[in-house]
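I opened my notebook beside the viewer. These are my entries, in the order I looked things up.

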Amino acid sequence: MSVSVEPTSVDPSDPTSADPSAEESGGSGASGAGEALRPHAETAFAAELAGLAAQDDRPRPARWRLSPWAVATYLLGGTLPDGTVITPKYVGPRRIVEVAVTTLATDRALLLLGVPGTAKTWVSEHLAAAVSGDSTLLVQGTAGTPEEAIRYGWNYAQLLAHGPSRAALVPSPVMRAMSDGMTARIEELTRIPADVQDTLITILSEKTLPIPELGQEVQAVRGFNVIATANDRDRGVNDLSSALRRRFNTVVLPLPETADAEVDIVSRRVDQIGRSLDLPSVPDGMDEIRRVVTVFRELRDGVTADGRTKLKSPSGTLSTAEAISVVTNGLALAAHFGDGVLRASDVAAGILGAVVRDPAADRVIWQEYLEAVVRERDGWKDFYRACREVGA
């Protein structure tokens, strides 16, 4: 027996219709949800999504809010014919975004793969917001994620009172996305136990979700797809089975190619976070941002920027996301305990915490880097002193 579930009514010309509580906000990413500390992408960038929808005259796949071209423009940024500025959400190769968007327009699921801190979650959220107008159909993968998180669960009060029924069934985010023709997100897929991962095989290949307790199934309606994120270099990884991996089109998100690109990413993201926290403006701290990025890149690559000195790499990933965290924390220190200007003393402790994950091995690597590179580098004396003080 097959049960057909009516999709949610969506007006493709209105990027906020999936969330009645969404309020328009400036394209800068400032909160449009009142006191929400971190509004969802479709709320924070509602004005940009609305501007794109109004200008978008290209074909849209079924139940998509925007055309594939407009989705790519939303992620990569640009200026619309009416002068509306779309801020970049992802700084990287355009072709990567185009392949990801095109995958979602087919019947293939999308797997965003990369080392920690390569903006997999960020890209996933913004893709779902642009395609479906709702980025909240989310399964967070952990070692304890149960099968019910992907399939469905039960309201046990209803189950005990009336037995198995549709009223007692609690749909998962994936099941809701199938019913409504929307995009479901699965974060950290490789952290989910292998037997739970494989629950997705039937969903992705047959586009159905059997409910054997009721003798029914939910069939995915047009517009449904899945975006999963994963990394295969972190601890606690469960490799995907070959059967499941074949159901995904894999797009690898690389680390930023150049220091300038990484500085741009860090400054943009810190600026967005800082405005929501009333922190000092980023331009006053660009020198320190570049310094943090330089340290991270050199230790990550195992060689100084000029290629002259080989370095040992610490155990941590030293990702762009960690650089954003270090700078944001430094801005908070500057705002609350300094003069409001980001300085070397504000970022030194954060860098130490990011680099020295293994107290024994990493501390030796950090000390060698300080003495061999930082100490001898022109214009870095203040940074050297600050790092020595926090590491004493």
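**Entry 1: a glycine after a helix.** I began with Gly-133 and asked whether this glycine is buried or exposed. Its relative accessibility is 2%, so Gly-133 counts as buried, since the cut-off for buried is under 20%. I keep in mind that this is a predicted model. Gly-133 sits in the loop between α5 and β4 (138-140). It follows α5, and its phi is positive, near 75 degrees. I also checked a distance. Gly-133 and Tyr-369 are 236 residues apart along the chain, and 47 Å separates their C-alpha atoms.

**Entry 2: helix α5.** Next I stepped back to the helix itself. Does the span of α5 agree or disagree with its 13 residues? The helix covers residues 120-132, and at 1.5 Å a residue it should span 18 Å. The end C-alpha atoms are 18 Å apart, so the span agrees. I noted a general point: a turn of an α-helix takes 3.6 residues, so residues three or four places apart point the same way. Then I looked at cover. In α5, 12 of the 13 residues are buried. Among them are Lys-120, Trp-122, Glu-125 and His-126.

**Entry 3: the largest pocket.** I looked for empty space. The largest pocket has a volume of about 700 Å³. Its lining has 33 residues, and the closest to the centre are Gly-117, Thr-118, Ala-119, Trp-122 and Ala-321. Which elements give two or more residues to this lining? They are α5, α11 (259-276) and α13 (320-337). The largest share, six residues, is from α11. I sorted the lining by type: 15 residues are nonpolar, nine are polar and nine are charged.

**Entry 4: a parallel sheet.** I followed the chain from the loop of Gly-133 on to β4. This strand belongs to an open sheet of five strands, in the order β4-β7-β10-β3-β11, with parallel pairing. Which strands are at the edges? They are β4 and β11 (248-252), and each pairs on one side only. On average, neighbouring strands here are turned by 20 degrees against each other, direction ignored. I zoomed in on one pair. β4 meets β7 (residues 183-187) over three bridges in the parallel sense. Leu-138 stands opposite Arg-185 in β7.

**Entry 5: a hairpin.** I wanted an antiparallel pair too. Strands β8 (residues 208-211) and β9 run antiparallel, joined by four bridges. Leu-209 faces Val-218 of β9 as its opposite residue. The two strands form a hairpin with four residues between them. Gly-215 in the turn has a positive phi of about 65 degrees. Where do the side chains of β9 (residues 216-219) point? Gln-216 and Val-218 point to one face and are buried. Glu-217 and Gln-219 point to the other face and are not buried.

**Entry 6: positive phi outside glycine.** I listed two residues here. Arg-63 has a phi near 65 degrees, a positive value in a residue other than glycine. It lies in the loop between α2 (46-55) and α3 (68-76). With a relative accessible area of 37%, Arg-63 is partly exposed. Leu-318 is also a residue other than glycine, and its phi is positive, near 50 degrees. Its loop runs between α12 (286-301) and α13. Is Leu-318 buried or exposed? At 0% relative accessibility, Leu-318 counts as buried.

Definitions and conventions: Residues are numbered from 1 along each chain as its sequence is written. This is a predicted model: local features need pLDDT of at least 70, side-chain atom pairs count only at pLDDT 80 or more; totals for chains, interfaces and linings use all residues. Side-chain values use heavy atoms; hydrogens and water are left out. The expected span of a helix is 1.5 Å times one less than its number of residues. Buried means under 20% relative accessible area, exposed over 50%, partly exposed in between (1.4 Å probe, protein chains only). On a 1 Å grid over the protein atoms alone, a cavity is a set of points where a 1.4 Å probe fits but cannot get out, and a pocket is an open set with protein on both sides within 12 Å along at least five of seven lines; lining residues have an atom within 4 Å of a point. Grid points are joined across faces, edges and corners, and a volume is the space filled by probe spheres set on the points. Ala, Val, Leu, Ile, Met, Phe, Trp, Tyr, Cys and Pro count as nonpolar, Asp, Glu, Lys and Arg as charged, and the others, Gly among them, as polar. Two strands pair if DSSP finds at least two bridges between them. Axes are lines fitted to C-alpha atoms, for helices over the stretch in contact, and angles run from 0 to 180 degrees between N-to-C directions.
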